There are 2 protein chains.
Amino acid sequence: MSVATDMEQMAVRARDASRLLAGASGAAKDTFLAALADLLATRREAVMAANARDVEAAKAAGMDAPRVNRLTLTPAIMDAMAAACREIIALPDPVGGIEAMRPRPNGLLVGRMRVPLGVICMIYESRPNVTIDAAILCLKAGNAVILKGGSEALESNKALAALLREALAAAGLPADAAQLVPTSDRAAVAALCKLDQYIDVIIPRGGEGLIRAVVDAATMPVLKHFKGVCHAYVDAEADLAMAEKVIVNAKAQRPGVCNALECLLVHADVAPEFLPRVGSALRRAGVTLRACPRALPLLGEGAAPAAPEDYGHEFHDLILAVKVVDSMDEALAHIHRYGSNHTEVILTEHHGRAMDFLRRADASMVGVNCSTRFNDGGELGLGAEIGISTSKLHAYGPMGLVELTSAKFVTLGNGQVRG
Amino acid sequence: MSVATDMEQMAVRARDASRLLAGASGAAKDTFLAALADLLATRREAVMAANARDVEAAKAAGMDAPRVNRLTLTPAIMDAMAAACREIIALPDPVGGIEAMRPRPNGLLVGRMRVPLGVICMIYESRPNVTIDAAILCLKAGNAVILKGGSEALESNKALAALLREALAAAGLPADAAQLVPTSDRAAVAALCKLDQYIDVIIPRGGEGLIRAVVDAATMPVLKHFKGVCHAYVDAEADLAMAEKVIVNAKAQRPGVCNALECLLVHADVAPEFLPRVGSALRRAGVTLRACPRALPLLGEGAAPAAPEDYGHEFHDLILAVKVVDSMDEALAHIHRYGSNHTEVILTEHHGRAMDFLRRADASMVGVNCSTRFNDGGELGLGAEIGISTSKLHAYGPMGLVELTSAKFVTLGNGQVRG
């Protein structure tokens, strides 16, 4: 049988399971999560043995150390998956609530009821823990999920998916609500991308190449996040001590993540005072600076001239681009040109410019006097997230449980007709 | 220069204009709408003359009467476009409001600010008034719009687009916020579908063929509505007098629209009493019935046996499919199989089944004891709408001004950093 036929049958099963899951009680979904947390402890050896086979094969195939590291499940990661299940139990069920029920002039009560999206297809790369972390969010939001992980993690993912299905069955929920694509055949992704009749949304997580391929092929909506090129603009009226603390945190607290700072923009009026102090603070934190010609002499030793490609670049490392601007308009123009709609912050005590920046910066999170690192589901109060959307349709920013649902109109009448 | 290059340049201009429009005040946008309403009156002759050229060419090319009718602008339609401008002035500006601003434990204030989507591409067919009706909603929501109408309406659309641009300029807004694709070259649509770097969403309005082609080609999100196959289920405990009134209204009040009823499902317990009375009421309203074997003998003369393809069919006419079912579960199974996620209603006085149907029926509007005809932006309280989304991503149901926006996270801090 062809991969395309296999994928279609899998999608049909997911669609059928999604109908059942959409009507499941919050209690049943939480029973599933508790059962899964237990299985992640009691079946740990089996999962780690499967992972060891993946890791061994990857090393034999010459995979580089960072990728082997991402592929490897440790006891701490197993614990974290179980903890994630328990955290999601604590979040309220997003499904079935009705928002803003109000009467129309004819007496018809109109509101919006939260409903699951239906079937979500997750396509991801190395880390096997995504199999659990993504699936449990989708399932708590009442969606069936089709999981397509990296081929190098296939054995690990099969072991984890078996736990998902066992926990679903233990809670009286359909096991087909969580299905792993059991092949590393690349044709599987191409086939899934065309099944818009059954799959409501695809969420790719990984490098730009993977995401671009899914966006180009998919006939259903794609929730995506290409990259995080985050800027901070230090205004002429910034509190410079606060700005220094925030910039160092935004760049250096965890440089490998998408909400880390990649480019610092400083108003010319405060550059002579601010750049020397922030430059030495950043150097102490291990950060290398790549600066425009105006910033370079103010940053002291160790700073290098910025190349054109350093702007708009996601370093994912302890490297920061720096540029002096003459106005907030120039800073916003730079952000519009080089930003990635992820996170932009302003440091200022000037109320008018703070409000203006808040409105005009085009990003999923825009902040005043805070670190870019707050663009995160947990930090913004959504709980666990499945990724950060940098396009504006459906969700913009971290996607938590509510962002994995939709809302339908519900109307309660007593015989209303249209005249 | 190629059509693809032309389209890319148009999209770049739209992107630039969208930045300016995103920051425009509600007052400026309302000034534009008032100016446009005036121009639709003062320039009426020029528009109608352009339209007469389109109509003449269409007739010469042998276009059928219903399509010529859709293409023709009448004084009443011109008045309706001007009235639409004034109605939208009365709606509040959706942009810039901040929802649910709440403090996090660290004192960071987190909320969500409504922002425009950016650039919207509308692709539509015959009716030239869509050029105005769609554009004014997109623009009031702060979006730039690229308009691609039917080739048969090109002269009419050019005349209307000229008014849009003149009114934008009169209000101090960028004329490039409204651009008409000035060619009937089909390559233009193909090119637009690939410009996801500049265009945030495509909204196709027209037949299934047009929509399918856009969905298959587009690399950006598509907000679509394939068809409306709406059902009403008359439960064993329905108020039959109310049910009769609602069914006749849902089918016959305006049969050519997407929220008209296409299939009546009746519980077997009340079929012997209900079908004869609703059958004669529907016949009096001019409706032809296509019935299952159990319903057929109860409907009296004039009813014909339903063919399999009558289920799941959008008649757009005074024709209704009828089927007897033994339970609400059977009704919901029929709806899941044949429905189009548009509108489903139940007629019942049984509270438990009403609530169960509300949750389980999978459609953009689910109603209890009311006509399907209420699935409409105006009736549901959204004001004017740009269409009804039958997929769940971003919007589900009528899309008004708010559905033409997104929401970004905004954070107001006083130096917060992550620990």
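**A sheet shared by chains A and B**

1. Start with the sheet: 10 strands make an open one, in the order 1(A)-2(A)-16(A)-13(B)-12(B)-7(B)-8(B)-11(B)-9(B)-10(B), with mixed pairing. At the edges you'll find strand 1 (98-103) of chain A and strand 10 (304-305) of chain B; each has a single partner strand, so one side of each is left without a neighbour in the sheet. Bear in mind that this is a predicted model.

2. Now the join between the chains. Strand 16 of chain A runs parallel to strand 13 (residues 365-370) of chain B, and five bridges hold the pairing. One spot to look at is Gln416(A), which sits opposite Cys370(B).

3. Strand 16 of chain A also pairs with strand 2 (residues 109-116) of chain A, here antiparallel and over eight bridges. Val110(A), for example, has Thr411(A) as its bridge partner.

4. On the chain B part, helix 11 (residues 271-284) packs on the sheet and touches strands 7 (230-234), 8 (261-267), 9 (288-291) and 11 (319-325) of chain B. The direction of helix 11 makes about 155° with that of strand 8 of chain B.

5. As for the whole interface, 76 residues from chain A and 76 residues from chain B take part in the contact. The buried area comes to about 6,200 Å², with 52% from carbon and sulfur atoms.

6. Polar links: there are 10 salt bridges across the interface and 47 residue pairs in polar contact. Strand 16 (residues 405-416) gives the most to chain A's side, with 11 residues. That side has 35 nonpolar, 23 polar and 18 charged residues. For one salt bridge, check Arg19(A) with Asp362(B), where the closest N and O atoms are 2.8 Å apart.

Conventions. Residues numbered from 1 in each chain as written. Chains lettered and ligands numbered in written order. Predicted model: local features only at pLDDT ≥ 70, side-chain atom pairs only at ≥ 80, totals over all residues. Heavy atoms only, no water. Contact = heavy atoms within 4.5 Å. Buried area = accessible area lost by both parts, 1.4 Å probe. Salt bridge = Lys/Arg side-chain N within 4 Å of Asp/Glu carboxyl O. Polar contact = N/O pair within 3.5 Å; in protein donor to acceptor, adjacent residues only side chain to side chain. Helix = DSSP H or I, 4+ residues; strand = E, 2+ residues; numbered from the N terminus. Nonpolar A, V, L, I, M, F, W, Y, C, P; charged D, E, K, R; others polar. Pairing = 2+ DSSP bridges. Axes fitted to C-alpha atoms, helices over the stretch in contact; angles between N-to-C directions.
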